[in-house]
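Got the viewer open? Here is a short walk through the model, one selection at a time.

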Amino acid sequence: MRNRPVIAVVDDDEDDLFLIQEAFKVCLKEEKVVIASSGMDLLSRLETLPILPSFLLLDLNMPLMSGFEVLATLRADPRYNLMPVLIFSTSNEQPDIDRAYELGANSYVKKPSSFNDYKSVVEDLCNFWLRIASTPSSRIYQ
Amino acid sequence: MTGPLSVLIVSTETPELHELEQSLRNYGVPHRHLPAEGKAALDFYFQQGLADAMFVPTLIMLDIDACEPEKILALLKPHPVLRRIPVIIFGHGNDPDRVKLVYSLGATCYMPKPPNWEAAMAPFCSYWKKHVALPAIKAEDISSSNSYSNLSNRTPY
């Protein structure tokens, strides 16, 4: 049986998670969205997934384990080091942006403030990462 | 304030390249083409760590059918500044092993060459121009980086 493609999201802010999920509902077809509320939660959820997520949306400012720490952990793990990781943050600080790329983020997406902007961002990132680019997990379902 | 999108394309002169360049022009994206067959130009551009380059990109697109991305990435990824630049590798087909190889090299993504560049570049540019914060790549940072001299001494491409 074919596995449904997966998108993973990790964010400690409940309001942001709600907006992301609602925005995904508008543009996703068959993909399943896996939500995690912390870096540790994400790592344990990844263990249970049958396929690698097509991409991960990763918040930066989280307690206990920051987005940078999650990114470094994923890049050091051969099970997950090929997974595209898109930083999704309100931070516009250039040092944060530069550090994310240095640690191996695949892109750094600016987190919007309104739901309409959320829909626009999520639609564009889905169009690029699910329809224009190929990812290591997409080979499973294409 | 993040750097504006500016694209360096490494590829051979083909009709596809012209379509890609035309699409970037249509979407107002500054870009340069570095001929993949011009080994000396590639050597100069990448081995000098872009420090002397007139055009410093914030996104690089490598044609895997025309150049050897692993050699270019081997120059970029160990460098403290240049490693920030997202590198998209594009090519014919969607072979799973090729896709896996591209990500294992540290590239940003693999992009199969689309049948219609103009149509594909609309979502491409919308994503990279509107929503992505790009790294700051300044020629003076490249020049002053400690490993610049080490980079220049690496095995020639």
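**Stop one: a strand pair in chain A**

Select residues 85–89 and 107–110 of chain A: these are strands β4 and β5, which pair in the parallel sense over 4 bridges. (Strands here are DSSP runs of E, at least two residues, helices are runs of H or I, at least four residues, both numbered from the N terminus, and two strands pair if DSSP finds at least two bridges between them.) Before going on, note that this is a predicted model, where local features need pLDDT of at least 70, side-chain atom pairs count only at pLDDT 80 or more, and totals for chains, interfaces and linings use all residues. Residues are numbered from 1 along each chain as its sequence is written, chains are lettered from A and ligands numbered from 1 in the order in which they are written, and side-chain values use heavy atoms, with hydrogens and water left out.

Now pick Phe88(A): its bridge partner in β5(A) is Val109(A). Add α4(A) to the view, and with β4(A) and β5(A) you have a right-handed β-α-β unit (with the strands pointing away from you, the path from the first strand over the helix to the second runs clockwise).

**Stop two: the cysteines**

How many disulfides does the structure hold? There are 0 over all chains, a disulfide being a pair of cysteine sulfur atoms within 2.5 Å. Show Cys126(A) and Cys27(A): the latter has the closest cysteine sulfur to that of Cys126(A), but at 3.5 Å it is too far for a bond. Cys126(A) is also buried, at 0% relative accessibility (buried means under 20% relative accessible area, exposed over 50%, partly exposed in between, with a 1.4 Å probe and protein chains only). Hop over to chain B for Cys125(B), buried at 3%.
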